[in-house]
Each structure stands twice: as C-alpha cells, then as structure tokens.
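Dear colleague,

Please find below the sequence and structure that I am handing over to you. A summary of the findings follows directly after them.

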Amino acid sequence: MINVTKTFLPPQKEYEAVLSRAWNTGWMTNRGVLVRELEAKLQTYLGTTNIIAMTNGTLPLQIAIKALGLKGEIVTTPFSYVATTSSIVWEGCTPVFVDIHSEYLTIDETKIEAAITPRTSAILATHVFGNPCDIEAIESIAKKHNLKVIYDAAHCFGVTYKGVSIFNYGDVSTCSFHATKLFHTGEGGALFCKPNYFETMYSHHNFGHDGPENFHSQGVNAKMSEPQAAMGLAVFPYMNTILEERKKVVDAYNNAFINSGLQLMKIREYTSWNYSYYPVIFKDENQLLKVKQALESVSIFPRRYFYPSLNTLPYVEKHTMEVSESISSRVLCLPLYVGLEQKYLKQIVDIIKESLI
Ligand SMILES: *Cc1c(COP(=O)(O)O)cnc(C)c1O
C-alpha cells in the first residue's frame, strides 16, 4: 500500500539511545533536557530565535490567538488544513475568508483590504505546502490597519524566504511536527515569535505559570514531552538526507508532468522550498476522481489536500470563495516520501498521464 506520505523513522536503536537519556534524568516532561536540546538544535539549524516546542501544531495557533489578545474578526485563508479555521473559532473569533491566488495557492493579498472591517484584529494566513504567502504585502497591510499577523507555517520546516527562515516572519509563526510532516516528533509542533511576545507565549503554553507558585495569566498545557523530543532528536540528523531524497521524487514528478497539461504549484520567487508536498491540479473534479480511483485500484492512496474549502465548514458563515472551491475540488497530493520506490513512482506517473489523454 502506497500512501501520500510515510513517516520517516530513524533506526529504532538510535531512538532508544536518545530516550535512555530521559530515563537517566527520570524526567518525562516539563521541559527536560531533551526538549531544551531539541529547541537549541532547531534554532541553529533553522536560523530562528524564540522557539517554543509544543505538543502539536494546533495548540500554537490557539495560543497565538489567545496570547495576542485577538478579538472579533480574523482574516484568513479557506485553503488550508481545518486547524487554521477551527483554531480561530475555538478562540471565540470569527474567521473572515479571503480567496486564494490560483497559482501560488496562498491567500490573495490583493483581496485582503476589502475584507478588513473595524472589527478585524489580525490576519492568519497559511504558507500552503511550504509556499510562502506574499509576506511583504501582508506586512504592509497589517501595519496600515494595525493588525497582528500569524502564519500557519505547519508545512514549512526548513523553508527560507529571501535567505531568512520563514518562521521569522509575522508576529507569530507556527509549525507542526506531526508524523505526516517533513520533520516530526510523532505528535508535536512549535511556536516562533517576535522577542517581545516570547514571555507571554511561553507562559500560555505552561498553564500561565510564573514560577512554581505564581501565575501571570491564563494558560493551557501545550508542553512537548521528553519522548516526543527524543523522536525529534533521533530524526534530526537525517534532515539533509530527507530533503535530498524528497527533492529526487519532486524532480522526477516535475520532469514527468512538465507540459502534460496538469497545473503544478508555482513556488514564490526568493524561496528555498522544502519538497513537503506534491500537489497536482486537474482540469476538473471528474478527472481528479478518475485518477484517484485508478490509483486506489492498485493500492496507491493520494490525498485530497485540501478538500473541502474551509469556507464551506458547517460552523462558519457561508460565503462563496470561487478560486479556493475550484482548486479544492481539483487538487490531489501525490505520494512523496523518503524511500518511495522508482517502480511505484513510474506507475503513479503512467496512470495520471493516461488519464490526461
Ligand atoms: C498539520 C497541520 C496543522 C496541525 O498540526 P497538528 O500538529 O496536527 O496539530 C495545522 N495547520 C496546517 C496547515 C497543517 O497542515
């Protein structure tokens, strides 16, 4: 069975060797040595500052909204994983959708200002499939209207924009280290923020504690545990291999689909991308369904990331988002992972090409 992704697992012995260090300390959580070491390594590798490792990639979004004190409306994208929208609603704010760019698949910055009202407090945009939003445009709109900017950068491990880690943009950026993501800790994630927000964010992820007996503020428990960090530390040495191997698969798909009539995602200029997903966009939903069925009949399971368009969720106000709904109905992410065998890659390409004739 070939799935859209396959979790990269380091040799089990290497995981156990890191984990044994947690046994030696007797600490399983509460920011033990492994979590702190992972944070330090990631900061150096990514070139970021102010990282807080967390237990998944959704809580950082919720914490960012809460800790920035956001109220009212948050302008956001309908083309993302459900966590982007659900976090806004969960924190008692209202998502206001702005349609997406048809080639970059990120929020259409030219339509953001029209969606801003006196109740707008922030922009929460997703760097979809690791492809950056128009960061400069969003920053200048945010400045002009005095809005906070949060980036759901769940797909962005290792991505740089203009030579700088993508996590360094916006007031807060979040990442997911879920097992299906590029770099993983089983479940896990991180929040990256401007230095002036660090203390508040940190305190919110640890019950609002200010020392053992004092409390700053409300908080929640979003701490990463030691076994999670151990997985991260065991995967970390393989990051360059993971990126190289994924690049090979992406290059093979690109070579196969260039001039095929399939729409491929356009990567924004000045981006060093991370080969995190391989979305292909068909001419219509029927063609997508035909390909999906043909692949599934030989036990190959691509995924409809992201379907449905989030503006159609049952708990949000209904507004049509033409581009997002159209792309959502036509986009399929193809299998992409370390160790995807050549023969399956060829089979996937052949089945798709046949359906395009
Ligand atoms: C995976 C993902 C999340 C949620 O991350 P978890 O670690 O699964 O909680 C949020 N946003 C996007 C865009 C994602 O793909």
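The C-alpha centres of domain 1 and domain 2 are separated by 24 Å. Please note that this is a predicted model. According to the domain assignment of the chain, domain 1 covers residues 2-237, and domain 2 covers residues 238-356. The two parts touch each other: 53 residues of domain 1 are in contact with 50 residues of domain 2.

I turn now to the ligand. It occupies the largest pocket, where 13 residues surround it. The closest of these are Thr-58, Asp-152, His-155, Ser-176 and Lys-181. By character, the shell around the ligand comprises eight polar, three nonpolar and two charged residues.

Three polar contacts of the ligand deserve your attention. A nitrogen atom of the ligand lies 2.7 Å from an N or O atom in the side chain of Asp-152. Ser-176 places a polar side-chain atom 2.7 Å from an oxygen atom of the ligand. With Gly-57, the partner belongs to the backbone: a polar backbone atom of this residue is 2.7 Å from an oxygen atom of the ligand. As for burial, the ligand taken alone exposes 380 Å², and the protein buries 92% of that area.

With kind regards

Key: Residues numbered from 1 in each chain as written. Predicted model: local features only at pLDDT ≥ 70, side-chain atom pairs only at ≥ 80, totals over all residues. Heavy atoms only, no water. Near = heavy atom within 4 Å. Polar contact = N/O pair within 3.5 Å; in protein donor to acceptor, adjacent residues only side chain to side chain. Areas by Shrake-Rupley, 256 points an atom, 1.4 Å probe, with all protein chains shown as cover. 1 Å grid on protein atoms, 1.4 Å probe; cavity = no way out; pocket = protein on both sides within 12 Å on 5 of 7 lines; lining within 4 Å. Sits in = over half its atoms within 2 Å of the grid points. Nonpolar A, V, L, I, M, F, W, Y, C, P; charged D, E, K, R; others polar. Domains from an automatic or database assignment. Contact = heavy atoms within 4.5 Å.
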